[in-house]
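Hi,

Here is the structure I promised to pass on. Have a look at it first, and my notes follow below.

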Amino acid sequence: ILYCRTPLLVDIPEEESGFVASLAEKLFREQQNGNLSGELLSGTLDLFLRQIASLAEDSRGRVQNDLCSRFLDMVFDRDAVVTGVSAYAVKLGVSPNHLNRVVKNGTGRSAGKWIDISRVTLSKQLLRQSGMPVIDIASRCGFDDQSYFSRFFKKCTGMTPSEFRSSQE
């Protein structure tokens with residue numbers, strides 16, 4: 001799971017959701033309280049990841065289309081510059097409408113939504129792990145305007161980039 005290049009698309013069946021949620025809640029609660037021994041943490045985390053991996057195996061059929069898979073690979077390639085749906089469509093040799101339709105049918109989310117998820121994920125990672133100025137992070141995540149990036153980030157996370165960085169320290 002840790003080495004997947006694309007996000008796992010997991011539909012947790014209703015009968016499994018309680019179990020998965022309780023495992024995640026126990027992990028977070030015990031970790032925050034400092035009550036997890038290495039062995040208990042390892043066992044609980046292993047069980048949680050196995051359950052997610054099992055559910056992911058069951059839902060892999062949703063990403064049926066090679067075009068959709070190639071798009072997701074491109075969107076989550078951290079070495080590439082994040083661009084818009086039209087630019088990805090050109091790179092893949094299809095129209096933006098066709099790309100959106102295929103991605104939406106394959107994943108349940110639009111191509112634009114996946115790009116937004118990628119941008120937020122990358123910006124969070126850079127805010128946590130680097131001392132880069134926010135303006136440089138905005139540019140790296142495909143935003144020309146720092147104020148637009150800040151509004152976008154706040155809409156997605158509920159915090160400004162600076163607030164997010166401060167909360168992580």
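Before anything else, a word on terms: helices (H or I, at least four residues) and strands (E, at least two) are DSSP runs, numbered from the N terminus. Bear in mind that this is a predicted model, in which local features need pLDDT of at least 70, side-chain atom pairs count only at pLDDT 80 or more, and totals for chains, interfaces and linings use all residues. Residues are numbered from 1 along each chain as its sequence is written, and side-chain values use heavy atoms, with hydrogens and water left out.

**The chain as a whole**

The chain has nine helices and zero strands, so from the N terminus the order simply reads α-α-α-α-α-α-α-α-α. Of its 169 residues, 30% are buried (buried means under 20% relative accessible area, exposed over 50%, partly exposed in between, with a 1.4 Å probe and protein chains only). As for contacts (heavy atoms within 4.5 Å), take those with a separation of 6 or more: 62% of them join residues 24 or more positions apart.

**Helix 6**

I'd start with helix 6, residues 111–129. Its 19 residues should span 27 Å at 1.5 Å a residue, and the end C-alpha atoms are indeed 27 Å apart (the expected span is 1.5 Å times one less than the number of residues). The buried residues here are A111, W114, I115, S118, R119, V120, L122, S123, L126 and L127. They pack against helix 3 (66–75), helix 4, helix 5, helix 7, helix 8 and helix 9.

Three residues of this helix are worth clicking on:

- W114 sits in helix 6 and is buried at 2% relative accessibility. Its C-alpha atom is 7.7 Å from that of L72, although the two are 42 residues apart along the chain.
- S118, also placed in helix 6, is buried at 0% relative accessibility. Setting aside neighbours within four places in sequence, S118 is in contact with V75, F76 and R78.
- S123 is in helix 6 too, buried with a relative accessible area of 1%. Not counting residues up to four places away in sequence, S123 touches I137, C141, F149 and F153.

**Helix 8 and what it packs on**

Two of those partners of S123, F149 and F153, bring us to helix 8. This helix covers residues 146–157, and its twelve residues should span 16 Å at 1.5 Å a residue, which agrees with the 16 Å between its end C-alpha atoms. Which residues of helix 8 are buried? They are F149, F152 and F153. Seen down the helix axis, these buried residues fall within an arc of 100°, so they line one face of helix 8 (the arc is that of the directions from the helix axis to the C-beta atoms). R151 and K155, on the other side of helix 8, are exposed. The buried residues pack against helix 6, helix 7 (134–140) and helix 9 (161–168). After helix 8 comes G158, with a positive phi near 85°.

In helix 9, look at P161, which is buried with a relative accessible area of 1%. P161 touches L127, V134, F149, S150 and F153, again not counting residues up to four places away in sequence. With L127 the separation along the chain is 34 residues, yet the C-alpha atoms are 7.3 Å apart.

**Helices 4 and 5**

Two packed helices are described by the angle between their axes and the distance between the axes. Helix 4 (residues 85–92) and helix 5 (residues 96–107) pack at an angle of about 95°, with axes 8 Å apart. Axes are lines fitted to C-alpha atoms, for helices over the stretch in contact, and angles run from 0 to 180 degrees between N-to-C directions. Helix 4 and helix 5 are therefore roughly perpendicular (65 to 115 degrees; under 35 counts as roughly parallel, over 145 as roughly antiparallel and the rest as oblique). On the helix 4 side V85, S86, Y88, A89 and L92 take part, meeting P96, L99 and N100 in helix 5. By class, that contact has six nonpolar, two polar and no charged residues. Here Ala, Val, Leu, Ile, Met, Phe, Trp, Tyr, Cys and Pro count as nonpolar, Asp, Glu, Lys and Arg as charged, and the others, Gly among them, as polar.

**Helix 1**

Finally, V20 lies in helix 1 (residues 14–33) and is buried, with a relative accessible area of 7%. V20 and L49 are 29 residues apart in sequence and 9.5 Å apart from C-alpha to C-alpha.

Cheers
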